[in-house]
Each structure stands twice: as structure tokens, then as C-alpha cells.
Amino acid sequence: MNGFGGSIDDFPHFDNADGKRRPFIFGVSNSSSRVSPTAMQLRESALKALMLRSLDGDAGAYRQLLGAMSEQLRRYFALRLAGGPEIIDGLVLDALSAAHRRKSTYRRRDPFTPWMYAIARYKLIQYRRRTAACLPAEDYASFTAEAAKVA
């Protein structure tokens with residue numbers, strides 16, 4: 001189920017060279033994961049419009065915004081962490097909750113996505129600090145030894 005009420009199978013798909021079906025995402029080439037500048041501008045303007053409508057009290061726009069951002073944040077955290085889906089989903093929830101609590105700090109004239117990703121980045125840093133503090137001493141020693149070999 002995605003944030004818009006349908007399943008991922010409701011989206012158009014393309015078959016990758018390896019034979020696996022992948023969802024087609026507007027503005028993303030089938031051969032790479034780069035998003036065109038035009039698609040990013042369209043996405044930013046749509047997300048900002050949803051945020052402005054939600055600040056004006058439109059609950060439907062707020063649900064759409066949360067759904068769209070949950071998908072983007074899931075990708076954001078998955079690219080930066082090796083954790084399982086429960087960790088990523090927890091970070092998505094933390095980021096969306098923080099954005100909800102702090103939405104009064106959003107300035108209407110500013111772009112939306114940098115504001116949202118700043119919150120997500122802060123949550124990622126918090127998570128890394130929390131989990132680094134839990135690393136046993138013997139694991140820390142082997143981790144630093146491995147890091148020294150790479151450097």
C-alpha cells in the first residue's frame with residue numbers, strides 16, 4: 001500500500017534488463033536513478049502546493065503530502081542506512097512526526113523539500129548517534145581496525 005491508497009501494482013511499470021518489474025517514476029530514466037531538473041521542479045512545486053494547502057487547513061492535501069513524503073523519505077533513509085525496513089519505517093515516522101510538530105516553522109515563500117530533508121537529516125544524525133553509543137567495545141575495536149585498513 002502506498003500513501004495514496006493504492007498498491008504499487010497500480011503504478012505503471014517497466015521491465016528492467018534483469019527481467020524484474022520496476023515501478024515507473026515520472027522523471028526517472030529507466031537506465032539510471034537520476035531525476036531530471038524539470039521533474040524535480042514539478043515535484044517541488046506539487047509538494048509545496050500541498051504543504052500550503054495543508055497549512056490553510058485542507059486535511060486531504062495534508063494526507064496526500066504525508067503519503068508522498070513517506071515514499072520519498074523511505075528512499076532517502078534506505079540509501080543512507082543498511083538497516084531493515086522496521087528501522088527505516090521508524091525513521092520515516094520520526095521525521096514526519098517532527099515535521100508535523102514543526103510545520104508552523106515552515107515559511108511559505110521557501111521551497112518545501114529542503115525544509116523537509118533538513119528534518120530528515122537531523123533524524124538520521126540522531127539515529128546514528130543513538131546506535132553508535134550502543135556499540136560494544138569489542139565491536140568498536142574491530143570496526144576501527146577495519147576503518148584503518150580502508151584508509
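**Entry 1. A term, and a first residue**

I take a residue as buried when its relative accessible area is under 20%. The model I am reading is predicted. I began with Ala68, which is found in helix α2. At 14% relative accessibility, Ala68 falls under the 20% limit and therefore counts as buried. I then looked up a partner for Ala68 across the fold: Leu47 is 21 residues away in sequence, and the two C-alpha atoms are 8.0 Å apart in space.

**Entry 2. The whole protein**

I stepped back to the overall layout. The protein has 5 helices and 2 strands. Reading from the N terminus, I noted the order of elements as β-β-α-α-α-α-α. Of the 151 residues in the protein, 26% are buried. I recorded an accessible surface of about 10200 Å², with 58% of this area belonging to carbon and sulfur atoms. I also checked the contacts with a separation of 6 or more: residues 24 or more positions apart account for 48% of them.

**Entry 3. The largest nonpolar core**

In soluble globular proteins, nonpolar side chains tend to be buried together. I therefore looked up the largest nonpolar core here, a set of buried residues joined through side-chain atoms within 4.5 Å. This core holds 27 residues, and those that touch the most other members are Leu65, Met69, Leu73, Phe77, Phe112, Trp115 and Met116. Four helices each supply at least two residues of the core: α1 (37-55), α2 (59-80), α3 (85-101) and α4 (112-132). Helix α2 gives the most, with 8 residues.

I followed one of these members, Phe112, to its contacts. Setting aside residues up to four places away in sequence, I found that Phe112 touches Glu44, Leu47, Lys48, Met51, Leu65, Met69 and Tyr106.

**Entry 4. The cavity**

How many cavities of 30 Å³ or more does a search of the whole structure find? I recorded 1. The volume of the largest cavity is about 80 Å³. Its lining is made up of Met51, Tyr62, Leu65, Leu66, Met69, Leu96, Ala99, His100, Lys103, Phe112, Trp115 and Met116. The elements that give two or more residues to this lining are α2, α3 and α4. Helix α2 provides the largest share of the lining, 4 residues. By residue class, I noted 10 nonpolar, 1 polar and 1 charged in the lining.

I compared this list with Entry 3. Leu65, Met69, Phe112, Trp115 and Met116 line the cavity, and these five residues are also among the core members that touch the most others.

**Entry 5. Gln72 in helix α2**

I returned to helix α2 for Gln72, which lies in it. Is Gln72 buried or exposed? Its relative accessible area is 8%, which is under 20%, so I entered Gln72 as buried. Beyond residues up to four places away in sequence, Gln72 touches Arg43, Leu47 and Tyr117. I also noted Val92, 20 residues from Gln72 along the chain, with 9.2 Å between the two C-alpha atoms.

**Entry 6. Two residues of helix α4**

Thr113 is found in helix α4. With a relative accessible area of 16%, Thr113 is under the 20% limit and is therefore buried. Leaving aside neighbours within four places in sequence, I found Thr113 in contact with Glu44 and Leu47. Both Glu44 and Leu47 are also in the contact list of Phe112. The C-alpha atoms of Thr113 and Arg43 are separated by 9.1 Å, although the two residues are 70 apart along the chain.

Ala120 has its place in helix α4 as well. Its relative accessibility is 0%, so Ala120 counts as buried. Which residues does Ala120 contact, leaving aside its neighbours within four places in sequence? I listed Leu73, Tyr76, Phe77 and Ala95. Of these, Leu73 is 47 residues from Ala120 along the chain, with their C-alpha atoms 7.3 Å apart. Leu73 and Phe77 were already in my notes among the core residues that touch the most other members.

**Entry 7. Closing note**

I end with helix α2, which gives the most residues to the largest nonpolar core and the largest share of the cavity lining.

How values were computed:
Residues are numbered from 1 along each chain as its sequence is written. Side-chain values use heavy atoms; hydrogens and water are left out. Buried means under 20% relative accessible area, exposed over 50%, partly exposed in between (1.4 Å probe, protein chains only). Contact means heavy atoms within 4.5 Å. On a 1 Å grid over the protein atoms alone, a cavity is a set of points where a 1.4 Å probe fits but cannot get out, and a pocket is an open set with protein on both sides within 12 Å along at least five of seven lines; lining residues have an atom within 4 Å of a point. Grid points are joined across faces, edges and corners, and a volume is the space filled by probe spheres set on the points. Ala, Val, Leu, Ile, Met, Phe, Trp, Tyr, Cys and Pro count as nonpolar, Asp, Glu, Lys and Arg as charged, and the others, Gly among them, as polar. Accessible areas come from the Shrake-Rupley method with a 1.4 Å probe; for residues, only the protein chains shown count as cover.
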